[in-house]
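Please read the following chain from its overall make-up down to individual side chains, keeping the sequence and the coordinates side by side.

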Amino acid sequence: GRLEAVTQQMGYHPQYLDSFLKTQHYLMHMDGPLPFDCRHYIAIMAAARHHCRYLVNLHVLQFLQAGGDPQWLRGLDYIPPKLRNLNEINKILAHRPWLITKEHIEKLLKISEWSWSLAELVHAVVLLAHCHALASFVFGCGCEQDEGLGGRGSLKALSPGNQCFCEATSGNGCVQELLRVNRKRSLDSCVELDSLRERMQRIHMETESREEMRLPQQDREEGEGQAWRWVSRMGVPGWLSPPADPDGAVTSATNLACYMQDPDFGYQDFARRDENQTQVFRVQDYSWEDHGFSLVNRLYSDIGHLLDEKFRMVDGLQSTAMAKRQGCEPSVFKRGIWNYIHCMFGIRYDDYDYAEVNQLLERVLKVYIKTVTCYPEKTNAEMFDRFWKQFKHSEKVHVNLLILEARMQAELLYALQAITQYMI
């Protein structure tokens, strides 16, 4: 058994991991406007835009365990029209979020019997942005390439193998155990496996016991049987794989094209847009702190606080070594990366000198950041290994966390601004 790869990589920065897991759990498993099966299907749609098999497989299993209709997994043609109508903003948010307009919002809110409520749409938009950005992290840290092996720099077998970051909470024993281990020693170091396995196994058994009390026996058996029948036809990462039968291993993952429309639609440089396209997004006119936070928190209770904590957490991560190597203050270096990412999506800060970006970020690093941010599916192991050869793995993960959060905030700003314009 292994800790799932995303958790392993984020575990280099345990305080951030804790904040991420709280947000992930709230989005997927706590009370909210959207049904649980729809949440996981929206995650599947979002991850498919970047051909992220890793996340699609995780959410397929979660979708079935939440009671989702297996027919939906045949593709967008088999899902309710209301859900299928989300495809357009999924496509735009994933690749060119500056094209989102209030007309897109109005269309979703006013389609007779298939209309969305504002609260449902905000929940869906947060899910889409979350999963698009998480796909960047998955590719950027090598979780997709090393599927089932824990990604690069993996933590050696620590858990009994049944805890997914989709299910974890900040109060979960497995998470707290990981945080304790990370604070005590580096993830690169050797750990005492026997005693840790024993503690993890006990935590896992207690978690399973609580889950069994929560579900009727028949529903649980049907859900699990349905889920394993599906994953037996798919290659899934790490602990999700059912035991291989005597005749061979699990077959390869399904084709993701069924979850997409217009697959050729992708990122285009904002700087090369046509003259009649959307103007530059100025943060002074619409920012997360002054506008986005209050709107999202009003329509989807408490999610604004969780997102804000996550944005602040990544900004507060220690990066002294990275900045020293670049010859600048940590805050200056992190802001350069953040503003460069936002710039690629047409978001500008009037109080920032963009000449600093070229001074702070060497070309190889800029190429890496742009690839992971804009078309993560093109990221490969060589790119990860080439950038910052002298830096520690944990520092490279830190860069990927900045990419994740900056990209997510960029998508949210465009979507929430369009919702605000509709409401006005």
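The paragraphs below treat the chain as a whole, then a pocket, then salt bridges and backbone angles.

This is a predicted model, and its secondary structure comes to 19 helices and 2 strands. Of the 424 residues in the chain, 55% are buried, while the exposed surface amounts to about 18300 Å², of which carbon and sulfur atoms supply 47%. Among contacts with a separation of 6 or more, 75% are made by residues 24 or more positions apart.

The second largest pocket encloses about 400 Å³ of space and is lined by 16 residues, with E289, D315, W338, Y349 and Q409 lying nearest its centre. Two or more lining residues come from each of the helices α12 (288-299), α13 (303-316), α15 (330-344) and α19 (393-423). By character, the lining divides into 7 nonpolar, 3 polar and 6 charged residues.

Side chains of opposite charge can pair when their charged atoms come close. The structure holds 11 salt bridges, including one between E309 and K22, whose closest N and O atoms are 3.1 Å apart. This pair links distant parts of the chain, since E309 belongs to helix α13 and K22 to helix α2 (residues 14-29), 287 residues apart. E309 is partly exposed, with a relative accessible area of 27%, and K22 is likewise partly exposed, at 26%.

Another of the salt bridges joins D269 to K370, with the closest N and O atoms 2.8 Å apart. Because D269 lies in the loop between α11 and β1 and K370 in helix α17 (residues 363-374), the pair ties together parts that are 101 residues apart in sequence. K370 counts as partly exposed, at 21% relative accessibility.

Within helix α6 (residues 87-95), E88 and K91 are 3 residues apart and are therefore separated by about one helical turn; their salt bridge brings the closest N and O atoms to 3.4 Å. K91 is buried, with a relative accessible area of 9%, whereas E88 is partly exposed, at 34%. Both residues are linked with D262 in a network of salt bridges.

D262 itself is found in the loop between α11 (217-231) and β1 (281-282), and has a positive phi of about 55 degrees although it is not a glycine. Its relative accessible area of 38% makes D262 partly exposed. A positive phi, near 75 degrees, also occurs at D302, again a residue other than glycine. D302 lies in the loop between α12 and α13, where it is partly exposed, with a relative accessible area of 40%.

Definitions and conventions. Residues are numbered from 1 along each chain as its sequence is written. This is a predicted model: local features need pLDDT of at least 70, side-chain atom pairs count only at pLDDT 80 or more; totals for chains, interfaces and linings use all residues. Side-chain values use heavy atoms; hydrogens and water are left out. Helices (H or I, at least four residues) and strands (E, at least two) are DSSP runs, numbered from the N terminus. Buried means under 20% relative accessible area, exposed over 50%, partly exposed in between (1.4 Å probe, protein chains only). Contact means heavy atoms within 4.5 Å. Accessible areas come from the Shrake-Rupley method with a 1.4 Å probe; for residues, only the protein chains shown count as cover. On a 1 Å grid over the protein atoms alone, a cavity is a set of points where a 1.4 Å probe fits but cannot get out, and a pocket is an open set with protein on both sides within 12 Å along at least five of seven lines; lining residues have an atom within 4 Å of a point. Grid points are joined across faces, edges and corners, and a volume is the space filled by probe spheres set on the points. Ala, Val, Leu, Ile, Met, Phe, Trp, Tyr, Cys and Pro count as nonpolar, Asp, Glu, Lys and Arg as charged, and the others, Gly among them, as polar. A salt bridge is a side-chain nitrogen of Lys or Arg within 4 Å of a carboxyl oxygen of Asp or Glu.
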